[in-house]
Every structure is written in C-alpha cells, then in structure tokens.
Amino acid sequence: MAKRLELQPSELRRACNPTVFAFKDTSALEPLDVVIGQERAVQAIEFGLNMKSPGYNIFVTGAEGTGKSTIVRDLAAKHAKTQPVPDDWCLVNNFKDEFRPLAIALPPGRGISFSKKINRLINDLKKDLPKAFEHEAYLKKLSGIKARIAARQNTVFQKVERFAAERSLHIDASQKDYPVVPIVDGKILPADDYQRLPADQKAQIDENVRQIQAEIEQSGRKIEKLNQQLHADIERLMNDVAMELIDRRLDPLRQDFRGRADVLNHLAALQADIVENFNIFIPGEKDEAGVPAEWLPPPKSPFQKYQVNVLVHRDLMKGAPVIFETNPTYSNVFGRIEKRAYMSTVSTDFTLVAAGSLLTANGGYLIMEIDALLMHPYVWEALKRALQTKSLPIEDIPDESGAGTTSLRPQPIPLEVKVMLLGSYEAFEILQNYDPKFNKIFKVRADFDQEVERTAETIQLYAQFLARVCREEKLLPFTPRGVAAIVEFGEKYVSDQNKLSIRFGPLLGVLKEADYWARRLRARVVSEKHVIRAFQEHRFRYSLYEQKIHESYRDGTIMIDVAHAVVGQINGLAVYQIGDFSFGRPVRITAETFMGKPGVINIEREAKLSGHTHDKGVLILSGYLGRVFAQNYPLSLSISITFEQSYGDIDGDSASSTELYAVLSSLADVPIRQGIAVTGSVNQKGQIQAIGGVNQKVEGFFEVCIERGLTGAQGVIVPAANVQNLMLRKEVIDAVKQRKYHVYRVSTVEEGIEILTGMRAGRPDKHGNFPENTVYGRIQKKLEKYLERSFRMKQAFGPPEE
C-alpha cells in the first residue's frame with residue numbers, strides 16, 4: 001500500500017529545462033514590452049480610462065509586488081498621450097472682495113506668460129504713468145482747467161468787491177477770515193474813529209457790513225463749488241490720461257486672450273482698479289512717523305493685488321498629466337493656503353495659495369495608495385465630495401484655522417480628473433461594504449493576479465522580463481541556466497508546479513542579489529550557481545529564529561521521536577512565519593481515548609490557545625468517528641487531544657487528519673511510526689483536503705531527520721491535492737532518489753492510517769462490521785467493550801448525574 005502511494009522524485013519538483021531558451025544570455029533578448037498574466041486587470045483599467053461618464057474612477061486591488069503601481073502608471077501614461085493638454089490655472093485678485101480670489105483658466109502653457117505680461121504691465125505703468133502726468137499735453141490741459149476755474153473764481157471775488165465798494169466798505173483779502181472795514185473819504189476808518197461816529201452813521205455801517213458778510217458767505221460757497229469742480233476736472237483729466245495709457249497697454253493682452261471671457265473680465269477689473277488708484281503709481285512719501293510699529297499693517301506692496309498666482313502650468317507638456325501622489329495629505333492633495341507671520345499675527349492673501357496634486361492632475365489622471373490616503377484625516381471625505389461635485393475648493397484644513405488668521409475662500413475650480421486608487425482586497429471590501437458612496441464613485445475594479453499559467457509562452461516572457469530588468473537596472477545578463485533557476489523560483493514562490501509567480505517585486509530582489517554575487521565572484525554573466533547562492537544567502541540572513549528552534553530539537557528541549565512506533569502519538573507539521581520568511585518544523589500530537597462522556601476534549605481550546613479554524617477541525621473528528629463507528633450503536637468514549645510543548649496560539653485545520661490518526665491509533669492500540677510526519681485537513685467523509693505551506697513542512701521535517709540521522713524509513717504524508725504544489729529543495733529530492741526519505745500522497749484517512757501503522761484499515765461488511773485483524777476492526781471491538789461496560793455500570797449504579 002505504502003509503495004503505491006509513494007511519490008517519485010520527478011513529482012516533487014518541476015524543473016525548467018535550460019535548452020528551451022535559444023540565446024546565449026539575456027542581453028540577446030528583446031526586453032519585455034507587454035504585461036504578463038494580467039489581461040483581466042489591464043482590460044478593466046483600459047475600460048475605466050476610456051469611460052467618460054461620472055463615477056468611473058478605478059480601484060486597483062492586488063497583492064504587493066505584482067507590479068500594479070508600475071503597470072497602472074504605464075497604462076495611464078500611454079492613454080494620456082492621446083488626450084489633449086488641459087488648461088493652465090491661475091488665481092487672481094477679486095477687486096470686489098479680496099477674500100474670495102478668482103480662478104482663471106488659460107490655454108496650456110500660457111499661465112506663466114500671462115503672469116509675466118501682467119508684471120511687465122505694472123512695471124511699465126510705474127514709469128509711464130508719472131511721465132504721462134508730466135507730459136506737455138497733459139500740463140496744457142491742466143493749466144486750461146485751472147485758468148478756467150480761476151477766472152470764474154475771480155469773477156465771484158470781483159462781484160463781492162464791487163458790492164462792498166458800493167457801500168463804502170473794504171474787504172481785506174490778505175487775512176484768513178476776510179475782515180470788512182468801513183471807508184470814509186477814500187480811507188480806511190480806524191476803530192477809534194469809528195467809535196466817535198454818530199449813532200445813525202454807525203448803524204448804517206453795521207447794516208452794510210452784515211450785508212457784505214452775507215454776500216461773502218454766499219460767494220465762499222460758490223468758490224468751494226468751483227474748487228470741487230476743479231478737483232473733479234483734474235481727476236477726470238488724470239483718469240482720462242490713465243485710462244488712455246492703460247487701455248493702450250492692455251490692448252495686446254486682450255488680443256492674445258480674445259474669446260476667454262474670464263481673462264477679459266479680469267483685465268477690465270484690473271484696468272478699473274488701476275485707474276481708480278493711479279496715485280499709487282506716482283512716487284511720493286508716506287508719512288508714518290510717530291506711528292507705533294505694532295499699529296502698522298504687515299509690509300505689503302500696493303502692487304501685489306495685481307499679481308497673477310500661477311497654480312498649475314502645462315509648459316512643454318504633451319498629453320494629459322499623470323500624477324502619482326505618494327504622500328496624500330490634505331494639503332498635498334487639495335492644495336493649501338500658506339500663512340505669513342508678522343508681529344504675533346498671521347495673515348494671507350491669494351498669492352500664498354498653492355495647488356495640490358488633484359489640481360495638478362486636473363484634466364488627466366491621479367494615482368494614490370488607499371492605505372496612505374486613509375491615514376490622513378479629512379482627505380477621503382473631501383476626495384469623494386470633490387469627485388461627486390466635480391469641483392475643487394482650495395481651503396484651510398478645518399483644524400488649522402484659528403485666531404489671528406485671515407481666511408480666504410478662493411473660487412472653486414471645475415474638476416475633470418480620473419482617480420486611480422491602489423489597495424488591498426481588504427481595503428476594497430471594507431469601503432465597498434461600509435461606505436455607501438464608494439460604489440457610486442469607484443465603479444471600476446481592476447484586480448491584479450499574483451500568478452500565471454506556466455506555459456512555453458510565459459516561460460519565454462519570463463526570460464524577456466529578466467532582459468528588461470537587466471537593462472533598466474544595469475545588471476549582468478543571465479545565462480539560460482540562470483533564467484531556468486529563476487523560473488523554478490517563480491514556481492516555488494506560488495507553490496504550484498503549473499503556475500509562475502508574477503509578483504515581480506520579490507523576483508526583482510532575487511535578480512539584484514544574484515547579480516551581486518556574480519560580481520563578487522568576478523563573473524561576466526549570472527548563472528545558476530549565482531542564483532542558488534542568492535537563495536542560500538537570503539535564507540541565512542533570515543534564519544536565526546529557525547536555527548534557534550532547530551537547536552531545541554537537537555538538544556532535546558523539544559521532544560521529538562523520528563525512529564520508533566508509539567500508540568496515540570504522531571508527528572504533525574507546523575509552519576512558523578517571521579515576516580515574509582517561513583519554515584516548517586514537526587510538533588508532537590498525542591491523543592488519549594477512554595470511557596466517559598462522549599465528546600472530544602481539545603486541550604488547546606480549553607486553555608484558550610486554539611483558534612476558530614482549529615476548533616472546527618477538531619470537531620470534525622467527532623463527525624467522522626460517528627459516521628464510521630456509530631451506525632449501529634452510540635459512541636461511549638471521551639477523547640483528549642493536544643499539541644505537546646505548544647505554548648502559543650494554534651490555528652488552522654491542517655493538523656485535523658494528523659489528530660484523527662492519533663485518535664485511531666489510541667482506540668486500536670496500534671502504534672504509529674514516528675518517522676512519518678503528517679499534514680492535511682480532513683472532512684467528515686474521511687477525505688484528505690489540501691493545506692498550505694506544504695513545501696516548508698516537508699523540508700522542515702527533513703532537516704530534523706537529517707539532524708537525528710536518516711534511517712530510510714522516514715518521510716512525510718501529504719494530501720494528494722497538494723502534489724502539484726510541491727517544489728522541494730534539491731537536497732530533499734536527492735534523499736528521495738536514494739530511498740533515504742519518502743513522500744506519500746493520500747486521499748483518504750484509510751490510506752494514511754495504513755501507511756502509519758503498516759496494518760490495513762479495513763472495510764465494513766454489509767452489516768457494518770470490520771475484519772478483526774484491521775485497524776478499524778480493533779477500534780470497533782474496543783468501542784463495543786466500552787458500550788458493554790457502560791451498560792453494565794448503568795444497571796449497577798444508575799445513570800450518571802448531570
């Protein structure tokens with residue numbers, strides 16, 4: 001029986017024949033320019049890129065190292081080349097409300113040019129406006145205005161003087177309050193002489209003075225109106241001069257951006273503000289002497305409001321932008337409003353607004369990793385809101401605003417961007433199940449596989465991939481044997497003889513390390529021995545914990561028997577995981593059966609060291625035992641199972657068949673060969689099911705057997721379903737070839753127990769009875785004794801109390 005189930009050396013590893021490669025080394029190959037094994041993901045991404053309807057953003061899932069970041073960027077970049085270059089975006093002052101700057105779209109690559117032209121315009125006006133007000137034509141018009149108003153003012157003065165002269169009064173224009181004095185005989189009457197005049201004459205003079213003062217007041221109002229008219233006429237003249245000059249300067253800009261309503265509107269507002277505030281262009285000194293420094297506003301150029309803040313410019317860009325945001329903080333994604341500190345206060349203005357990656361990618365594609373994005377507060381909710389509203393506001397993070405901060409609310413910018421998120425299956429599942437808006441916004445999922453079918457074509461593509469990596473990373477070329485070793489690594493990485501790993505991240509690490517050892521040995525090419533050296537050195541660097549565990553077997557700290565036969569005792573196989581490094585080691589499992597309350601006592605579960613999956617596997621044992629042995633009468637036994645010298649948590653059902661073998665051995669009083677370790681889960685029908693980590697388990701037990709000494713009777717039982725997953729190390733295969741180590745495949749519990757005990761399991765007859773000289777026959781006989789004794793005890797002592 002055991003001979004029939006033993007695997008041949010050729011079944012323990014699928015080798016890659018170097019002769020399938022028709023090249024001397026990979027330098028003779030064309031580098032890979034296609035994606036290997038990701039047809040489904042590539043098709044989904046291309047579908048999402050071509051869909052223009054809202055909500056067709058893309059969520060990319062897949063294991064780390066599958067190359068999804070590189071492939072997504074390459075596909076997006078390829079698609080972006082076919083798209084038009086999007087507009088530049090600028091932020092300008094809102095002359096009606098400086099706290100709400102306006103966003104302006106400009107033709108691609110014109111943003112910086114527009115900003116420079118505005119700066120040049122302002123600099124020119126600083127020189128030209130003062131010159132315009134010193135020009136002969138302006139001065140002539142100004143003189144005409146002043147002369148005209150002066151003439152009208154003189155007319156008013158003359159009228160008042162005539163009025164005064166007619167009443168023998170004189171107005172002293174040399175004094176500020178225009179005093180009125182009487183005239184007698186053509187001379188000004190002194191005050192003493194006035195007092196000596198007759199009363200009637202004094203009364204007449206006083207009346208005349210009152211009349212002339214009223215006339216002076218009326219004339220003063222006329223003079224004031226004329227002064228106001230003078231100022232208005234001068235201001236109108238200056239406005240006309242400034243308007244004519246600015247209009248002439250702005251005309252080329254209007255021609256450059258005709259058809260751009262937002263630009264033309266801004267130029268009109270800019271012109272109106274310059275005309276209104278042209279005095280700032282006239283050199284002059286501002287008297288701020290004596291004003292405390294803390295009362296002064298922050299230093300700010302009066303011309304700053306005319307600047308153009310270029311948020312995004314597409315100079316020299318071809319096609320749509322593709323942005324990979326590696327640090328998706330709120331500010332990095334949505335932009336920020338920077339602050340200027342001055343005298344214990346904080347202020348800002350539109351020139352301190354900076355764009356984020358979302359605006360930079362506007363009109364193109366933005367790629368981010370979901371794990372990094374979710375680590376930053378507010379980003380996820382703000383991203384969903386922006387994609388739904390197709391509008392991008394640049395504003396402060398809610399918790400960054402505070403006292404002393406001048407707030408800005410820039411005009412939201414229309415958003416047309418395709419967002420591509422990279423993440424794990426778990427992140428996708430959580431968002432899909434618990435975020436109601438997720439499915440409306442990310443309607444496309446691209447799922448990256450981590451393995452591909454091993455065919456003649458994919459093997460050749462593997463070689464081309466190596467050629468591409470060698471060229472891009474400047475590695476030494478690989479020989480056919482070196483490539484074959486890498487192909488076999490790809491098989492072992494996924495533990496499947498019919499598959500190849502397409503997690504190129506770990507594969508790239510192997511290539512670089514093999515190149516390192518080839519260079520250390522002064523080789524010109526990377527051969528098989530350099531690849532193997534890279535594997536060995538990598539394992540050595542990470543195997544300290546494995547070595548410590550192995551020493552525990554060597555010195556007897558962990559009890560293990562690989563030579564004798566023991567009842568109710570068996571060697572199971574466990575996998576230890578340290579980061580991405582794993583190894584297998586045997587663990588002793590014992591089972592005891594006895595009369596008592598029916599059921600299985602899982603000691604690990606009672607000690608709270610057992611996981612749910614392991615508990616399930618143990619409970620399945622009761623189902624199998626009941627199906628096989630309790631068809632004619634009930635089971636009347638208790639079973640105790642434990643992992644000996646196990647002090648940590650245990651989970652998984654890969655030892656359920658092993659535990660069952662120990663139970664069957666205990667019931668049948670048939671010893672189990674301790675040189676045979678077992679792995680595999682079992683169902684209630686007694687079928688052996690596939691498990692994970694089969695290579696680590698087989699190799700781990702082999703190393704323990706090597707330490708204790710190979711006897712030729714040692715080996716491992718694995719599920720038949722796992723044979724295709726075997727990619728064992730060459731030293732294990734050599735031992736199998738020499739008949740010093742054995743690997744068996746089993747499909748049923750019966751096959752396994754026969755290998756372990758050397759006794760047939762037995763088949764029931766039509767009445768359900770097993771032959772006496774079989775394992776199951778011995779079990780059936782013991783169970784009958786248990787039932788009989790239990791019946792007699794009930795008659796003698798009554799049923800047990802609950």
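What volume does the second largest pocket have? In this predicted model, the second largest pocket comes out at about 860 Å³. Its lining takes in 34 residues, and the ones nearest its centre are Thr66, Gly67, Lys68, Thr70 and Ile71. Helix H2 (39–50), helix H3 (68–80), helix H11 (370–374), strand E16 (418–423), H15 and H17 each give two or more residues to that lining. H3 gives the most, with 7 residues.

Now for the largest pocket, which has a volume of about 1600 Å³. Here 46 residues make up the lining, with Phe489, Lys492, Tyr493, Phe535 and Arg539 nearest the centre. Among the elements that supply two or more residues are helix H16 (480–493), helix H17 (504–520), helix H18 (528–542) and strand E22 (581–594). The top contributor is H18, with 7 residues. If you care about lining chemistry, the largest pocket splits into 14 nonpolar, 15 polar and 17 charged residues, while the second largest has 14 nonpolar, 9 polar and 11 charged.

On to the salt bridges: the structure has 35 of them. Here are three.

| Pair | Closest N to O |
|---|---|
| Arg249 and Asp128 | 2.2 Å |
| Arg468 and Glu472 | 3.0 Å |
| Arg729 and Glu731 | 2.9 Å |

Take the Arg249 and Asp128 salt bridge. Arg249 sits in helix H7 (residues 199–256) and Asp128 in helix H4 (residues 111–132), so this pair ties together parts that are 121 residues apart in sequence. Arg249 is partly exposed at 36% relative accessible area, whereas Asp128 has 15% relative accessibility and counts as buried.

The Arg468 and Glu472 pair stays within one element: both belong to helix H15 (residues 456–472), 4 residues apart, or about one turn of the helix. Arg468 is partly exposed, at 25% relative accessibility.

As for Arg729 and Glu731, Arg729 counts as buried at 17% relative accessibility, and Glu731 is partly exposed at 41%. Both also belong to a salt-bridge network together with Lys492, Arg539, Glu546, Arg585, Glu699 and Glu703. Two members of that network, Lys492 and Arg539, turn up again among the residues nearest the centre of the largest pocket.

Finally, a bit of strand pairing. Strand E2 (residues 88–92) runs antiparallel to E3, and 5 bridges join them. One bridge partner to look at is Ala105 in E3, which pairs with Trp89. Strand E3 (residues 102–106) is mostly covered, with 4 of its 5 residues buried.

Definitions and conventions
Residues numbered from 1 in each chain as written. Predicted model: local features only at pLDDT ≥ 70, side-chain atom pairs only at ≥ 80, totals over all residues. Heavy atoms only, no water. Buried < 20%, exposed > 50% of the residue type's maximum accessible area, 1.4 Å probe, protein only. Pairing = 2+ DSSP bridges. Salt bridge = Lys/Arg side-chain N within 4 Å of Asp/Glu carboxyl O. 1 Å grid on protein atoms, 1.4 Å probe; cavity = no way out; pocket = protein on both sides within 12 Å on 5 of 7 lines; lining within 4 Å. Points joined across faces, edges and corners; volume = space filled by probe spheres on them. Nonpolar A, V, L, I, M, F, W, Y, C, P; charged D, E, K, R; others polar.
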